[in-house]
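This report describes the fold of a single protein chain, moving from its overall layout to its sheet, its cores and its last helix. The sequence and structure are shown first.

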Amino acid sequence: NIAMEKTPQNTFEQRKEELRQLIEVKKRSAIYVDQYEELFEQLNQYEDLIRERGIESLIPTEKNDYEKKKEKLATISIDIATIPELRFILEELGKSEEEIRENLAHENAHANVAHSLGANHEKYIVYFLKEGNIYQTRVTFPDNLSQEEVDYISSRAIQAPEEYGNAGGMS
């Protein structure tokens with residue numbers, strides 16, 4: 001038994017195998033779009049409250065509900081750090097080369113504009129839904145930004161694919 005040398009290629013091969021397994025698990029957990037939208041909306045409401053008043057402002061039943069909703073979202077999603085990983089997932093999902101290019105350009109536009117305006121690219125997320133998949137770019141904002149600056153950056157990042165001519169959506 002020869003030990004596999006830790007090279008970037010071997011590490012990526014291991015990550016691809018991990019992602020293959022995750023894809024199969026997440027596909028089995030997929031929910032309907034309307035369930036996802038309701039879950040996402042409820043989580044956003046909690047996160048707005050937490051941003052305004054802090055997590056300690058939630059009563060125990062709210063905090064429990066919030067944690068359960070976050071866990072549910074985690075059962076249908078894969079967090080991805082890099083474009084090559086996102087490309088691999090799209091390939092595994094059977095997307096055409098054109099669909100892959102469009103999705104990568106779309107998500108990259110969000111990330112690049114947010115980054116150019118002072119936000120930090122955190123990750124890409126793939127949500128597994130019964131009707132298809134949703135791809136999302138997640139960014140974080142430095143603490144020194146005002147709410148107006150955060151809103152401006154968010155708005156520009158959301159509009160970025162349209163500005164770049166890459167306005168695709170769920171696939």
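The protein chain contains six helices and three strands. The model is a predicted one. Read along the sequence, these elements follow the pattern α-α-α-β-α-α-β-β-α. The C-alpha trace spans about 55 × 40 × 35 Å along its principal axes. Of the 171 residues in the protein chain, 35% are buried. Among contacts with a separation of 6 or more, 65% join residues 24 or more positions apart.

**The sheet**

The three strands form an open sheet in the order β1-β2-β3, and the pairing is antiparallel. Strands β1 and β3 stand at the edges; each has a single partner strand, so one side of each lacks a neighbour in the sheet. From one strand to the next, the twist averages 20°.

Strand β1 covers residues 77-80 and pairs with β2 over four bridges in the antiparallel sense. Strand β3, residues 132-140, pairs with β2 over nine bridges, also in the antiparallel sense. Strands β2 and β3 form a hairpin, with two residues between them. Strand β2 itself, residues 120-129, is mostly covered, as seven of its ten residues are buried.

The table lists residues of β2 together with residues that stand opposite them in the neighbouring strands.

| Residue in β2 | Opposite residue | Strand of the opposite residue |
|---|---|---|
| Y124 | I80 | β1 (residues 77-80) |
| I125 | Q136 | β3 |
| V126 | Y135 | β3 |
| F128 | N133 | β3 |

**The nonpolar cores**

Which residues touch the most other members of the largest nonpolar core? This core has 17 residues, and those with the most contacts to other members are I78, I80, L86, I89, V126 and F128. At least two residues of the core come from each of α1 (8-29), β1, α4 (83-92), α5 (97-116) and β2. Helix α4 supplies the largest share, four residues.

F128 illustrates how one such member is surrounded. Apart from its neighbours within four places in sequence, F128 is in contact with I23, K26, K27, A30, I31, I76, I78, L93 and N133. Within that list, I78 is also one of the residues that touch the most other members of the largest core, and N133 is the residue that stands opposite F128 in β3.

The protein chain also holds a second core, separate from the largest one. This second core has 15 residues, including L39, L43, L58 and L73.

**Helix α6**

Helix α6 comprises the 17 residues 147-163. What span should a helix of this length have, at 1.5 Å a residue? The expected value is 24 Å, and the end C-alpha atoms of α6 are 23 Å apart, which agrees.

Helix α6 nevertheless has a bend of about 25° at A157, and a proline, P161, follows within four residues. Both A157 and P161 belong to the buried residues of α6, and the others are V150, I153 and A160. Helix α5 is included in what covers these buried residues. Helix α5 also contributes at least two residues to the largest nonpolar core.

**Summary**

In outline, the predicted model combines six helices and three strands. Strand β2 lies between β1 and β3 in the sheet order, and is among the elements that supply at least two residues to the largest core.

Note on methods
Residues are numbered from 1 along each chain as its sequence is written. This is a predicted model: local features need pLDDT of at least 70, side-chain atom pairs count only at pLDDT 80 or more; totals for chains, interfaces and linings use all residues. Side-chain values use heavy atoms; hydrogens and water are left out. Buried means under 20% relative accessible area, exposed over 50%, partly exposed in between (1.4 Å probe, protein chains only). Two strands pair if DSSP finds at least two bridges between them. A nonpolar core is a set of buried Ala, Val, Leu, Ile, Met, Phe, Trp, Tyr and Cys residues joined through side-chain atoms within 4.5 Å. Contact means heavy atoms within 4.5 Å. The expected span of a helix is 1.5 Å times one less than its number of residues. The bend at a residue is the angle between axes fitted to the seven residues ending there and the seven starting there. Axes are lines fitted to C-alpha atoms, for helices over the stretch in contact, and angles run from 0 to 180 degrees between N-to-C directions.
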